[in-house]
Amino acid sequence: MRSELTLGANPGAFITIIDDGYDDVAIPDFQSLMRPFLDFASDGLVHALSDAREAIASTLKITEQDREEMLPSGRQRRFDNRVAWAKVYLEQAGLITSPRRGHFHITERGRDLAANPPERIDIAFLDQYEEFRNFRKAARPVNRNDKVTDPKPVEVETPEEALEHAYQSIRAELSATLLARIKQASPAFFERLVVELLLKMGYGRSRVDAGRAIGASGDEGIDGIISEDRLGLETIYIQAKRWEGTVGRPEIQKFVGALHGKRARKGVFLTTGTFSADAVEYVTRIDPRVVLIGGRELTEYMLDLNLGVTPRAVYELQRIDSDYFSEE
């Protein structure tokens, strides 16, 4: 499945996404919400977008649990996002209008359509309206001869979903590549990486303090210690291992035993490998508290903190500032 996404008003900022089949079943795609949205607006009243969400969810019998499903970013509910984009497309087709932010009402064109509605309203149907065609034209790529091309995509995801899906795919690929590079590096490099990561996470009183901590002791299954805060009021004991396979419960038990020998309350076990289910379950039942950071989690932290990676491109998502256009 192929989706298009244009960022901002620049037709050149265009992404084509090949869908790998990712989509949910419980929540209809945003095109399937267009007809229910118009039906709700057909009473001619001014409605809040939140009222439309409630009405459509009730009509389509979408459960509260399904409505709570979030986009990958965790910043917006998937259903809310799809209802919002259904509104955008209906508005671009001149079927509804927005008198103020977060509100809408049906237009005369919309009332005519609602009086004799088709079975389904989707992008193909809306393409009969010139305003909508112009809206779509602005979102298509331009080739070197300045001719607009039209791949005629099948759109299931909203533009924001497509962007987040593409971002998550790129991030997963980058994470895997990053982990492979770490495994190829020397043990000394891995120790320096752990130092940098812990510093970026806010641990250690100074770079010198952190640098001395990792790889310094090698004492009884403990590779190093680091301050939890700049005042050094709490100490965290660390084991950092470049492992290719799975770290099992016996290795974690050795580390916990070393922590008991130090009367330590907190420990972190970092590895380039993975942890067995038994090891993960074990640390949930013990005292001291032990945090397990596997290879995938390690690279996720690195990406979040821009460690070992360089930003390549930044896309800024914007929305209309309603206050700017207020003439009150």
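# Exercises on a predicted model

An open sheet of three strands shows the order 3-5-4, and its pairing is antiparallel. Its edge strands are strand 3 (47-48) and strand 4 (96-97), each of which pairs on one side only. The structure is a predicted model, and the exercises below begin with this sheet.

**Exercise 1.** Work out in which sense strand 3 and strand 5 pair, over how many bridges, and which residue of strand 5 stands opposite histidine 47.

*Solution.* Begin with the background: strands of a sheet pair through backbone hydrogen bonds, either parallel or antiparallel. Strand 3 and strand 5 (residues 103-106) take the antiparallel sense, and two bridges hold the pairing. Then look across from histidine 47, where phenylalanine 104 of strand 5 stands opposite.

**Exercise 2.** Decide whether lysine 87 is buried or exposed, and list the residues that lysine 87 touches.

*Solution.* First place the residue: lysine 87 belongs to helix 4 (residues 78-92). Its relative accessible area is 11%, and buried means under 20%, so lysine 87 counts as buried. Leaving aside residues up to four places away in sequence, lysine 87 touches Phe37, Leu49, Ile96, Ser98, His103 and Phe104.

**Exercise 3.** Check the length of helix 9 (residues 187-200) against the expected span at 1.5 Å a residue.

*Solution.* The expected span is 1.5 Å times one less than the number of residues, so the 14 residues of helix 9 should span 20 Å. The end C-alpha atoms of helix 9 are 20 Å apart, which agrees with that expectation. Within helix 9, the buried residues include Phe190, Leu193 and Val194, while glycine 202, just after the helix, takes a positive phi of about 100 degrees.

**Exercise 4.** Describe how strand 9 (residues 266-271) is covered, and how it pairs with strand 7 and strand 11.

*Solution.* Five of the six residues of strand 9 are buried, so that the strand is mostly covered. Strand 7 (residues 235-241) runs parallel to strand 9 and is joined to it by five bridges, with glutamine 239 opposite phenylalanine 269. Strand 11 (residues 289-293) also pairs with strand 9 in the parallel sense over five bridges, and here glycine 267 stands opposite valine 290.

**Exercise 5.** Find which helix gives the most to the lining of the second largest pocket, and sort that lining by class.

*Solution.* The second largest pocket, with a volume of about 1,300 Å³, is lined by 26 residues. Helix 8 (159-184) and helix 13 (295-304) each supply at least two of them, but helix 8 gives the most, with nine residues. By class, the lining holds 15 nonpolar, five polar and six charged residues.

Notes. Residues are numbered from 1 along each chain as its sequence is written. This is a predicted model: local features need pLDDT of at least 70, side-chain atom pairs count only at pLDDT 80 or more; totals for chains, interfaces and linings use all residues. Side-chain values use heavy atoms; hydrogens and water are left out. On a 1 Å grid over the protein atoms alone, a cavity is a set of points where a 1.4 Å probe fits but cannot get out, and a pocket is an open set with protein on both sides within 12 Å along at least five of seven lines; lining residues have an atom within 4 Å of a point. Grid points are joined across faces, edges and corners, and a volume is the space filled by probe spheres set on the points. Helices (H or I, at least four residues) and strands (E, at least two) are DSSP runs, numbered from the N terminus. Ala, Val, Leu, Ile, Met, Phe, Trp, Tyr, Cys and Pro count as nonpolar, Asp, Glu, Lys and Arg as charged, and the others, Gly among them, as polar. Buried means under 20% relative accessible area, exposed over 50%, partly exposed in between (1.4 Å probe, protein chains only). Contact means heavy atoms within 4.5 Å. Two strands pair if DSSP finds at least two bridges between them.
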